[in-house]
Structures are given as C-alpha cells and as structure tokens.
Amino acid sequence: MIKFIRLLILVLALSPAPARPSEFTPTNWSEGMHLLAGGGINSSLIHTDKVREEIGLGTNFQTALGYYFNEKYAIEWNAAVNFNSFGGFLIWDTAFTIGLRFQFPEWAKIEQRLGEPYGRIFFGRAPTVVYFNGQAPPGIEPGVERVQIDGPIWGVALGSFYHSTSGRIWYSEIVATHHDLTNETGIRMNGEVPVQMYNRSTLDHPIIYSIYVTVGVMAF
C-alpha cells in the first residue's frame with residue numbers, strides 16, 4: 001500500500017496543471033480537488049467458519065476527497081462511517097480507503113436520464129468497534145467494555161452524478177464491500193483513558209459483507 005501511495009504522489013506531481021479553471025459537470029469533470037459528502041443506509045452480513053448472521057440495517061456517512069486528472073478519471077481518499085445495532089450491541093465501523101473513480105464509456109451508459117454513471121474501485125483498512133453496553137458476550141474476558149477489530153477492506157461502487165436546476169452537483173451510488181477482520185483488541189476504560197486488555201488474531205476468520213446506498217452533494 002505504501003508503494004501505491006508513493007506512485008500516486010509521483011503521478012500527481014508530474015501531472016500538468018489545468019490551463020484555466022472550468023465548471024464541473026456530470027459529463028465533464030473539471031481538473032483539481034473536489035470534495036463529496038453524503039449519507040444513507042447500509043445492510044451487512046457477518047460470515048465466519050461457524051456462523052452466518054445478518055447484522056441488519058444501519059446508517060452510513062461518507063466523505064471523498066478526490067484529485068480529478070481530467071473529465072474521466074480521479075484518485076480519491078475516502079472515509080466512510082457506518083453504524084449498526086446487533087444483539088443489543090452498537091457496531092461502529094470506520095473505513096479509510098484510497099481508490100479510482102472513472103466514467104463509463106458511452107457504450108456502457110444504459111439510461112442517460114438517470115444521470116451520468118461512474119464506477120469506483122477502492123481498498124484500505126477499517127477498524128470496527130463493538131460496544132457491549134455492560135453485557136459482554138461469552139468468550140470475552142471479564143472487564144472488557146468494547147472490542148476493536150481491524151482488517152483490510154476493498155470494494156466497488158456504481159453511481160451517477162446529477163446537475164440540479166439550482167446548479168448544484170449531487171450524486172447517488174450503491175457500494176459493495178468485503179471486510180476481513182484479522183486482529184482483535186479488547187478495551188476497557190480507566191476513567192477517560194482506554195486500557196488495552198488483550199490483543200490477538202481473530203478466531204473463525206470473520207468477514208463482513210456490506211451494501212451501502214448513499215446520496216450526497218459536491219461541497220467544492
């Protein structure tokens with residue numbers, strides 16, 4: 001991942017600056033930095049060697065800071081926060097990813113009036129925190145108040161940009177992710193200070209599969 005980030009920095013450094021600023025439109029993306037922000041709902045499924053459980057519906061919030069090379073391609077740094085409730089526990093998932101946004105070629109655009117479609121591919125890392133609300137499940141050490149589970153995440157997205165009558169750019173998209181949970185840390189609070197109770201590799205090879213539906217706007 002470090003090598004990939006270095007390569008992106010080199011590409012950005014060597015990319016020529018735009019001759020003049022231009023307006024961003026759904027069909028012609030203007031060069032430079034753009035920020036997207038939105039929210040929506042998510043549905044997740046956890047799969048292990050022993051169980052397969054629906055986590056259920058939750059909310060999600062997303063920001064994406066992108067460098068748009070031209071009207072067709074952009075590199076993005078994305079942060080997505082998802083909240084779910086499962087078995088009385090609060091699940092707080094935060095994904096930090098880097099990826100590529102791209103417009104589809106003309107032959108792949110099925111329905112123009114639904115907006116100008118784009119795709120995204122991305123990867124990164126996602127710490128997931130489970131709050132037990134004072135009722136830790138069996139198998140968790142006494143005194144542990146929450147568990148943080150980390151691991152790599154990757155995904156794909158399909159969306160569309162729209163141009164409103166007021167001139168604002170907004171978007172909608174559906175995202176699918178695959179999140180491997182590889183490391184588990186038990187935490188309790190000592191006043192305002194979090195104390196690590198244990199750190200170990202996860203058992204039963206847990207994976208979270210998620211679908212997000214998001215609607216948002218371009219901030220700049």
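Biologist: How many bridges join strand 8 to strand 9?
Modeller: This is a predicted model. Strand 9 covers residues 169-180 and runs antiparallel to strand 8. The number of bridges joining the two is eleven.

Biologist: In strand 9, which residue is the bridge partner of isoleucine 153?
Modeller: Strand 8 spans residues 152-163, and its pairing with strand 9 is antiparallel. The partner of isoleucine 153 in strand 9 is histidine 179.

Biologist: Which residue in the turn between strand 8 and strand 9 has a positive phi?
Modeller: The two strands form a hairpin, with five residues between them. In that turn, a phi of about 95° belongs to glycine 167.

Biologist: In strand 8, what is the bridge partner of isoleucine 121?
Modeller: Strand 8 also pairs with strand 5, residues 116-125, in the antiparallel sense over ten bridges. Within strand 8, isoleucine 121 is matched by valine 156.

Biologist: Is isoleucine 174 buried or exposed?
Modeller: Isoleucine 174 lies in strand 9. Ile174 also helps make a nonpolar surface patch of about 550 Å², together with Ile41, Leu57, Leu158, Ile211 and Val213. Buried means under 20% relative accessible area and exposed means over 50%. The value for isoleucine 174 is 43%, so the residue is partly exposed.

Biologist: What share of the contacts in the protein with a separation of 6 or more is between residues 24 or more positions apart?
Modeller: The protein has one helix and twelve strands, and along the sequence the helix precedes the strands. Of the contacts with a separation of 6 or more, the share from residues 24 or more positions apart is 65%.

How values were computed
Residues numbered from 1 in each chain as written. Predicted model: local features only at pLDDT ≥ 70, side-chain atom pairs only at ≥ 80, totals over all residues. Heavy atoms only, no water. Pairing = 2+ DSSP bridges. Helix = DSSP H or I, 4+ residues; strand = E, 2+ residues; numbered from the N terminus. Patch = residues over 30% accessible without salt bridge, like charges linked within 9 Å, V, L, I, M, F, W, Y side chains within 5 Å. Areas by Shrake-Rupley, 256 points an atom, 1.4 Å probe, with all protein chains shown as cover. Salt bridge = Lys/Arg side-chain N within 4 Å of Asp/Glu carboxyl O. Buried < 20%, exposed > 50% of the residue type's maximum accessible area, 1.4 Å probe, protein only. Contact = heavy atoms within 4.5 Å.
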